[in-house]
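Work through these exercises with the structure open beside you. Try each task before you read its solution.

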Amino acid sequence: MSELEATDSETYIKEWFVDILHQFPHVDFSFKTVNSTFKPDSISYREAVFFLCSLPVIWCVIFLLLTSCCLCLQCIRKPPQKTDKSTCLRVSLFIIIFLSIGILTPGFYGNEQTSKGVGKFVEAVKDTNETITEAVDTLGTLNDLAKSISERSVLALENVIRQYTNESVRTSLESLTNDITEAAKKARGDVASIRLATPNITLYYIVQDTTDYEFYRWIGTVVALCFTLGVLLLILIAIWQKSKCIVMLSIFIGFLTLLVIWGSAGFYLGGTVAGADLCYDPDLFVENVTSQKVDRAIVKAYIECPLGSTDPDMFSQNIKMARDAVTQANNTLYKIKAIVKPFNIPQLMEPMRRVAEELEYCSGNITVLAEDLDCREIHKNYIQAVQGICNTSMLGLVFILLCLPVSGLMFILTMCLLPRFWRLIGKKRGYRPVDDADPFCPRPPPYNGLNPGPESEVLPMHGPLAETPPPAYRPTGTFVENYNFGPSRSRYSSET
C-alpha cells in the first residue's frame, strides 16, 4: 500500500525518492534480474543487495590502480626546470578541498536524521511491545479469575448453602450457582480463544537489535566522515606549506581515505535501496513476517484499522461474549442474594462477597483487555514506526548516499592533482659562487697539472672553473701550509 489511513488521520505516504530507488536494477552475482520485493530471507535478493554494495568498491579499486601508475610515472619523470608554475594548481586544489569540506556537511545532517528516524521506530516498537505484553498478562489474569470462580469460590458458596438452607431453597440456589459456574467457564473459554490467537509474541529483540545496529552505524559514519575531513585538512596544510613530505603523506593516506569513502558509499547504496524496497510496501513485509505466528487476518486488521473500527472482529466477538458471561454471573449472584436475604444467613456473606469481588475484577480486566486489543493504538504505533523508517531515516540515507559519492569524486580529483603538485614544488638545489679570497675557504687540490710545486702550493684558477665548488678537503699539513700563508706563498711569487 502506498497509503495507510488511521482513525486519527495519520497516514504514511511514500516519498518520491523511494519509487526511484525501488526501480534500481536488482541483479545477483550471476547477472540475473531479481524481483525488487523486499525479501531479506531470499538468497538471490541478498546477492542483489551485495552486488550494489560492491559496485563503488570495484570502482575505487580500479581508480587506485590507475592512480598508482600515474604516481609511478610522476616519480620517474625528470624534475621541472622552473618551479614557479604551481600557483594555478595550488589555487585549484584549495577550491576543490573547500568544496569537498562543504559536501561533507550534508553527510553529518543525514546521519543525525537517520538516527532520529530509527529512534522513532524504536519508541513505536517499544509501545507496541508493552501493549502486547499487557494484553497477554490481562488474558492470564482473566483465565486465573475465571478458574478461581468456577473451581473454588462457587464451590465454597455451594458448601455453605448445603449446610444452612433447607432443601427447597437449596435446589434453586444450586441451580443459580451452576449458572455462575457455566458463565465463568464460558468467559474462560472466550479468553482462551483470544489467548490462542495471540501467542507469546515479544518485540524486545527487534528493539535490542535495532538499537545495537544503529549505534554502530552512527559511530562508523561519524568516524568515516571525520577521518575524511581530517585528511582534507592535512592536504590543505600541505598545500599551504608547500611541503613535499606532507604532500606525499597525504597521498598515501588519501588512498586509504578513498577506500573508506567508497566502501561507505557501497554500504549505503545497498542499504538505501533495500530500505526503499521495504518502504515501497511495508504492509506486505509485516504480514509475511508475522503470519507465521499470528493469523494474517488479525495482522491485516491492525495494520489497516479502517475508520470506525476498534478491534479485530474475532477479538470483538470474544470480548463481548466474555463480558456478557460476567454480566450474567453478576445478575445470578444478585438473585442468590435476594433469595437468601430473608433467611439472614451470615455464613453466606463471605463466599458471596468473594464471588462478587472476583466478578468485579473480571469485568475490570475485560475492559482493560478491550483497550489493549483496540486496533487504533497499535495502528498508531505502526504508522509512527513506518514514518520513522520510511520518511525520516530514508531522507537521511539519501543525504548520505548523495554526499559520499560526490565527496569521493572530489577526492579522486584531488588525488589526481596532488602528484603533479608534488613535482612542481620541488626545489632545485644548486651551488653558489665561492669567494676564492676567503682565507677560510678550502682550496682544491692541484688537478690542473700546471703546478709541479709542493702539494700545499696551488695556482689560482681562472675561467669557468673558478665558479666550480671545491671538493671535499682532506688536510695534509698545518693550517698555514694548507692555506698558502707565510713564506711559501712569497717564495712562489718571487720565483715566478
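**Exercise 1: Helices α6 and α11**

The axes of helix α6 (residues 244–280) and helix α11 come within 8 Å of each other, crossing at roughly 155°. This is a predicted model. Task: decide how α6 and α11 run relative to each other, and state the handedness of the crossing.

Solution.
1. Take the angle, which is roughly 155°.
2. Compare it with the cut-off: angles over 145 degrees count as roughly antiparallel.
3. Therefore α6 and α11 are roughly antiparallel to each other.
4. Add the handedness: α6 passes α11 in a left-handed crossing.

**Exercise 2: Helices α5 and α11**

Task: describe how α5 packs against α11, giving axis distance, angle, handedness and the residues that meet.

Solution.
1. Locate the pair. Helix α5 spans residues 204–241, and helix α11 spans residues 375–424.
2. Read the geometry. Their axes come within 12 Å and cross at roughly 25°.
3. Apply the cut-off. Angles under 35 degrees count as roughly parallel, so α5 is roughly parallel to α11.
4. Give the handedness. The crossing of α5 past α11 is left-handed.
5. List the contacts. From α5, the residues include Arg217, Thr221, Leu225, Val231 and Ile235. On the α11 side, Ile400, Leu404, Ser407, Phe411 and Phe421 are among them.

**Exercise 3: Phe31**

Task: find what stands out in the backbone of Phe31, then place the residue and say whether it is buried or exposed.

Solution.
1. Check the backbone. Phe31 has a positive phi of about 60°, although it is not a glycine.
2. Place the residue. Phe31 sits in the loop between α1 (16–22) and α2 (43–76).
3. Check the accessibility. The relative accessible area of Phe31 is 65%.
4. Compare with the cut-off. Exposed means over 50%, so Phe31 is exposed.

**Exercise 4: The whole chain**

Task: summarise the protein chain and say which terminal stretches have pLDDT under 50.

Solution.
1. Count the elements. The chain holds 13 helices and 2 strands.
2. Take the burial. Of its 496 residues, 41% count as buried.
3. Look at the contacts. Among those between residues at least 6 apart in sequence, 83% join residues at least 24 apart.
4. Take the surface. The accessible surface is about 27600 Å², and carbon and sulfur atoms account for 62% of it.
5. Check confidence. The average pLDDT is 78, and 78% of the residues score at least 70.
6. Find the weak stretches. pLDDT stays under 50 over residues 1–9 and over residues 477–496.
7. Draw the consequence. Where pLDDT is low, predicted coordinates should not be read in detail.

Note on methods
Residues numbered from 1 in each chain as written. Predicted model: local features only at pLDDT ≥ 70, side-chain atom pairs only at ≥ 80, totals over all residues. Heavy atoms only, no water. Helix = DSSP H or I, 4+ residues; strand = E, 2+ residues; numbered from the N terminus. Buried < 20%, exposed > 50% of the residue type's maximum accessible area, 1.4 Å probe, protein only. Contact = heavy atoms within 4.5 Å. Areas by Shrake-Rupley, 256 points an atom, 1.4 Å probe, with all protein chains shown as cover. pLDDT = per-residue confidence, 0-100. Axes fitted to C-alpha atoms, helices over the stretch in contact; angles between N-to-C directions. Parallel < 35°, antiparallel > 145°, perpendicular 65-115°, else oblique. Left-handed = near helix turned anticlockwise from the far one by under 90°.
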